[in-house]
Amino acid sequence: MSTKVVRLDLNYNCEIHNLFRQQRHYIAPYNAESAEHFARRLLAYFTLYELNPTLNQHPNAGKFPDLFLQDAQQHFTLWAAVDPLSDKSMRRALHQADQVIIFLSEQQAIKNNDLQGYTNTDCYHFTDSDLKQLILMLKPHMQLSVWREQDKLSLTDGKMSLDIQLQHCRRH
């Protein structure tokens, strides 16, 4: 991503939770962050949006979450990462948080299907074609409308539309 800050004007609708929000967000891509990685962070944010997660603005290399929720005592109630975590990083996340969610690309999900040994973890993956389509929608000033239905996100920027089925990673 070549921009320092993305201004996101977001219209978010979720019929299940009877939620409608219009908000402006300023999101800073990490230094040298790829468009695909930034797209996964955005999709993770939209997936967890009803919970009001905080987007980490600094690259973390597994030491801190990409998105998180904290309680009043600053304890992590949710730790979300958009890259596979090493065993050490996963143990750290599970020690510090009540729940860990990993958001992966399709290829990463195929290579990293070993989360079954961990409790309080969940994993979603996004298809390569969905990520490529979202990358085409990325701009320094984005105006997106997101409609959430159960495990489906529908996004539009007024020119392009994208329907994303949230897919759990397979566990063996």
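**Two sheets and the elements that cover them**

Strand 1 (residues 6-14) and strand 2 (residues 19-27) are joined by nine bridges and run antiparallel. Strands here are DSSP runs marked E of at least two residues, while helices are runs of H or I of at least four, and both are numbered from the N terminus. The model is a predicted one, in which local features need pLDDT of at least 70 and side-chain atom pairs count only at pLDDT 80 or more, although totals for chains, interfaces and linings use all residues. Residues are numbered from 1 along each chain as its sequence is written, and side-chain values use heavy atoms, with hydrogens and water left out.

Within this first pair, Asp9 stands opposite Arg24 in strand 2. The two strands form a hairpin with four residues between them, and Asn18 in the turn has a positive phi of about 50°. The hairpin belongs to an open sheet of five strands, ordered 2-1-8-9-10, with mixed pairing; two strands count as paired if DSSP finds at least two bridges between them. Strand 2 and strand 10 (161-165) are the edge strands, each pairing on one side only. From one strand to the next, the twist averages 20°. Further along this sheet, strand 8 (residues 141-149) and strand 9 (residues 152-156) pair in the antiparallel sense over five bridges, with Glu149 opposite Lys152 in strand 9. Helix 4 lies across strand 8, strand 9 and strand 10, running at about 145° to strand 10. Such angles, from 0 to 180 degrees, are taken between the N-to-C directions of lines fitted to C-alpha atoms, for helices over the stretch in contact, where contact means heavy atoms within 4.5 Å.

A second open sheet has six strands in the order 3-4-5-6-7-11, again with mixed pairing. Its edges are strand 3 (54-55) and strand 11 (167-168), each of which pairs on one side only. Strand 4 (residues 67-70) runs antiparallel to strand 5, with four bridges between them, and Leu67 has Ala80 of strand 5 as its bridge partner. Ala80 is also the bridge partner of Ile101 in strand 6. Strand 5 (residues 76-81) and strand 6 run parallel, joined by three bridges. Together with helix 2 (residues 87-96), these two strands make a right-handed β-α-β unit; right-handed means that, with the strands pointing away from the viewer, the path from the first strand over the helix to the second runs clockwise. Helix 2 lies across strand 5, strand 6 and strand 7, at about 140° to strand 6.

What covers strand 6 (residues 100-105)? All six of its residues are buried, so the strand is largely enclosed by the rest of the structure. Buried means under 20% relative accessible area, exposed over 50%, and partly exposed in between (1.4 Å probe, protein chains only). Val100, Ile102 and Leu104 lie on one side, and Ile101, Phe103 and Ser105 on the other. Six parallel bridges link strand 6 to strand 7, where Cys123 stands opposite Ile102.

Helix 1 (residues 35-47) is mostly covered too, with 11 of its 13 residues buried, among them Phe38, Leu42 and Phe46.

Just after strand 7 (121-126), Thr127 occupies the loop before helix 4 (128-137). Thr127 counts as buried, at 14% relative accessibility. Its side chain makes a polar contact of 3.1 Å with that of Asp130; the term covers N or O atom pairs within 3.5 Å, and within protein one atom must be able to donate a hydrogen and the other to accept it, with sequence-adjacent residues counted only if both atoms are side-chain atoms.
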